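Student: I have a new model open and would like to learn how to read it. Could we go through it together, one question at a time?

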Amino acid sequence: SIYPPTSFLDPLATPVVPNSQNILDSVLKTKSNILPVVPAFLEQWAFLPSAVDVLKTLEYVIYGGGPLAPKIGNSLVNAGV
């Protein structure tokens with residue numbers, strides 16, 4: 001590519017690829033109150049009580065890029081997300 005991805009702190013470092021765990025870690029570190037996310041991550045988190053606890057601290061959880069199974073959405077809402 002013409003402009004390869006770089007890190008602000010270390011231009012030679014490999015960029016961080018978002019995954020379900022490092023996104024939750026970032027939410028906690030930055031004290032976020034809104035999380036836009038893909039449905040696949042919500043489906044993973046719905047089965048992890050520690051992840052649901054993090055999601056419950058947020059004001060908004062927004063998903064896009066695909067459908068979310070109603071069973072998963074209802075489960076998260078019933079858990080207080």
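Tutor: Gladly! Let us begin with a definition: a residue is buried when its relative accessible area is under 20% and exposed when that area is over 50%. Keep in mind that this is a predicted model.

Student: Which residues of helix 1 are buried?
Tutor: The test is a relative accessible area under 20%. In helix 1, the residues that count as buried are S20, I23, L24 and V27.

Student: How wide an arc do they cover around the axis of helix 1?
Tutor: Start with S20, I23, L24 and V27, the buried residues of helix 1. They lie on the same side of helix 1, because the arc they cover around the axis is only 95 degrees.

Student: And which exposed residues sit on the face turned away from that buried side?
Tutor: Here the cut-off is an area over 50%. On the face of helix 1 turned away from its buried side, the exposed residues are K29 and T30.

Student: What do the buried residues of helix 1 pack against?
Tutor: Remember that S20, I23, L24 and V27 are the ones buried. Their packing partners are strand 1 (34–37), helix 2 and helix 3.

Student: How are helix 1 and helix 3 oriented to each other?
Tutor: Helix 1 covers residues 20–30 and helix 3 residues 49–56, and their axes are 11 Å apart. The angle between the two is about 40 degrees. This lies outside the ranges for roughly parallel (under 35 degrees) and roughly perpendicular (65 to 115), so helix 1 and helix 3 are oblique.

Student: Which residues make that contact, and how do they divide into nonpolar, polar and charged?
Tutor: Helix 1 brings L24, V27 and L28, while helix 3 brings A51, V54 and L55. Sorting the residues of this contact of helix 1 with helix 3 gives no polar, no charged and six nonpolar.

Student: Let us turn to helix 4. How wide is the arc of its buried residues?
Tutor: Helix 4 spans residues 70–78, and I72, G73 and L76 are buried there. They are on the same side of helix 4, because their arc around the axis is only 100 degrees.

Student: Which residues are exposed on the other side of helix 4?
Tutor: Again, exposed asks for an area over 50%. On the other side of helix 4, this holds for P70, K71 and N78.

Student: One last residue: is F47 buried or exposed?
Tutor: F47 is found in the loop between helix 2 and helix 3. Its relative accessibility is 63%. The cut-off is over 50%, so F47 counts as exposed.

Key: Residues are numbered from 1 along each chain as its sequence is written. This is a predicted model: local features need pLDDT of at least 70, side-chain atom pairs count only at pLDDT 80 or more; totals for chains, interfaces and linings use all residues. Side-chain values use heavy atoms; hydrogens and water are left out. Axes are lines fitted to C-alpha atoms, for helices over the stretch in contact, and angles run from 0 to 180 degrees between N-to-C directions. Helices (H or I, at least four residues) and strands (E, at least two) are DSSP runs, numbered from the N terminus. Angles under 35 degrees count as roughly parallel, over 145 as roughly antiparallel, 65 to 115 as roughly perpendicular and the rest as oblique. Contact means heavy atoms within 4.5 Å. Ala, Val, Leu, Ile, Met, Phe, Trp, Tyr, Cys and Pro count as nonpolar, Asp, Glu, Lys and Arg as charged, and the others, Gly among them, as polar. Buried means under 20% relative accessible area, exposed over 50%, partly exposed in between (1.4 Å probe, protein chains only). The arc is that of the directions from the helix axis to the C-beta atoms.
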